[in-house]
Amino acid sequence: MIEAIGLSKRYGDVPAVRDVSFRCEPGTVTGFLGPNGAGKSTTMRMICGLTPPTGGAATVKGVPYRRIANPGRHVGVLLDAAAQHPGRTGREVLTLTADLLGVERARVGRMMETVGLSPKAARRRVGGYSLGMRQRLGIAQALMGDPSVLILDEPANGLDPEGIFWMRTLLRDFADRGGTVLLSSHLLREVEAVADRFVVIAGGRIAAQGTKAELLTAPGGMVARGLDPEALEGALRRAGLAAEPDGAGAFAVRATAEQVGRAAAEAGVVLLELRQASGGGLEELFMTLTSGPQETR
Ligand SMILES: Nc1ncnc2c1ncn2[C@@H]1O[C@H](COP(=O)(O)OP(=O)(O)OP(=O)(O)O)[C@@H](O)[C@H]1O
């Protein structure tokens, strides 16, 4: 289980993460979604004790990560696959990891096989690896200690479609055996097929969270188009409804159809279109939730 409770992080004037709370339960894969710069990496680094939060707290298996003895035996972490030592071979990296965690070296070969790194590839220096190979190596490292929790930041980056399919299967199996998985991506389609729950972050804040069904039926995410867009925007704001231009002349509004309809009627604004943003599926909802201006203050 992973729990983030009101996590916040400021870098000087920049609030990178604001009051982020969510839970990842055993047996599930949680997709942590948001555009670049939304605050995913900062949140994951706080969960893993690498970045101190400005506010809030996080626990993994009930305790702060830094208090877990030999954490690699409980939590597999892959935060930056590109950060491997370029001069070591893949096998050396994994052997060092095994020694560090105190697991038998025989596991190195097994993990190479699990992630699809051939013995030939494992003899090569990491400096010559593609990003996809580094991701596979990073996942092998994360799995080395036979953890029950996996925290992976953009693990699909650099993987080809076959690699993404492989990773999906691996993470699904891991969760089906009772593991807890948190994986981030800026692309919905990379995680949509594997995640049980989604946490969507935009501008450092949680924009939505829940299962696919919950997200698609949740109030909010209406699309409204008015004869006079400015008048509609003013009417929505006066009614206290958050509205963001969708770039195509309409507004994404986090409210119910009734709230939007009443706000328009009270202001005498003619509505040309009013529908659930989720009519276009999760992809459209994700775009709506994350398409607002990424305010940084
Ligand atoms: N060490 C840092 N110092 C200053 N600002 C930072 C630092 N790390 C992150 N930020 C800022 O915090 C915000 C969130 O960044 P973060 O890397 O967490 O986002 P992200 O969702 O992981 O995006 P990406 O996928 O591009 O890494 C951004 O505005 C970023 O510029």
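The residues of the shell around the ligand divide into eight polar, four nonpolar and one charged. This is a predicted model. The points below cover the ligand shell and then helix H6, which runs over residues 161-176.

**Ligand shell**

- Around the ligand there are 13 residues, of which Tyr-11, Ala-16, Asn-36, Ser-41 and Thr-42 come nearest.
- At least two residues of the shell come from strand E2 (14-24), and at least two from helix H1 (40-47).
- H1 gives the most to this shell, supplying three residues.

**Helix H6: length**

- H6 has 16 residues, which at 1.5 Å a residue should span 22 Å.
- The C-alpha atoms at the two ends of H6 are 22 Å apart, in agreement with that expected span.

**Helix H6: buried and exposed sides**

- Ile-164, Met-167, Arg-168, Leu-170, Leu-171, Phe-174 and Ala-175 are the buried residues of H6.
- These buried residues lie on the same side of H6, because they cover an arc of only 165° around the axis.
- In general, an α-helix has 3.6 residues a turn, so residues three or four places apart point the same way.
- Pro-161, Glu-162, Thr-169, Asp-173 and Asp-176 are exposed on the other side of H6.

**Helix H6: surroundings**

- The cover over the buried residues of H6 includes three strands, E3 (29-33), E6 (149-152) and E7 (180-185).
- Helix H7 (188-192) is also part of what covers those buried residues.
- Gly-178, just after H6, takes a positive phi of about 105°.

Terms used. Residues are numbered from 1 along each chain as its sequence is written. This is a predicted model: local features need pLDDT of at least 70, side-chain atom pairs count only at pLDDT 80 or more; totals for chains, interfaces and linings use all residues. A residue is near a molecule or strand if its C-beta atom, placed from the backbone, lies within 6 Å of it. Helices (H or I, at least four residues) and strands (E, at least two) are DSSP runs, numbered from the N terminus. Ala, Val, Leu, Ile, Met, Phe, Trp, Tyr, Cys and Pro count as nonpolar, Asp, Glu, Lys and Arg as charged, and the others, Gly among them, as polar. The expected span of a helix is 1.5 Å times one less than its number of residues. A residue is buried if 20 or more other C-beta atoms lie within 10 Å of its own, exposed if 12 or fewer, and partly exposed in between; C-beta atoms are placed from the backbone. The arc is that of the directions from the helix axis to the C-beta atoms. Two residues are in contact if their C-beta atoms, placed from the backbone, lie within 7 Å.
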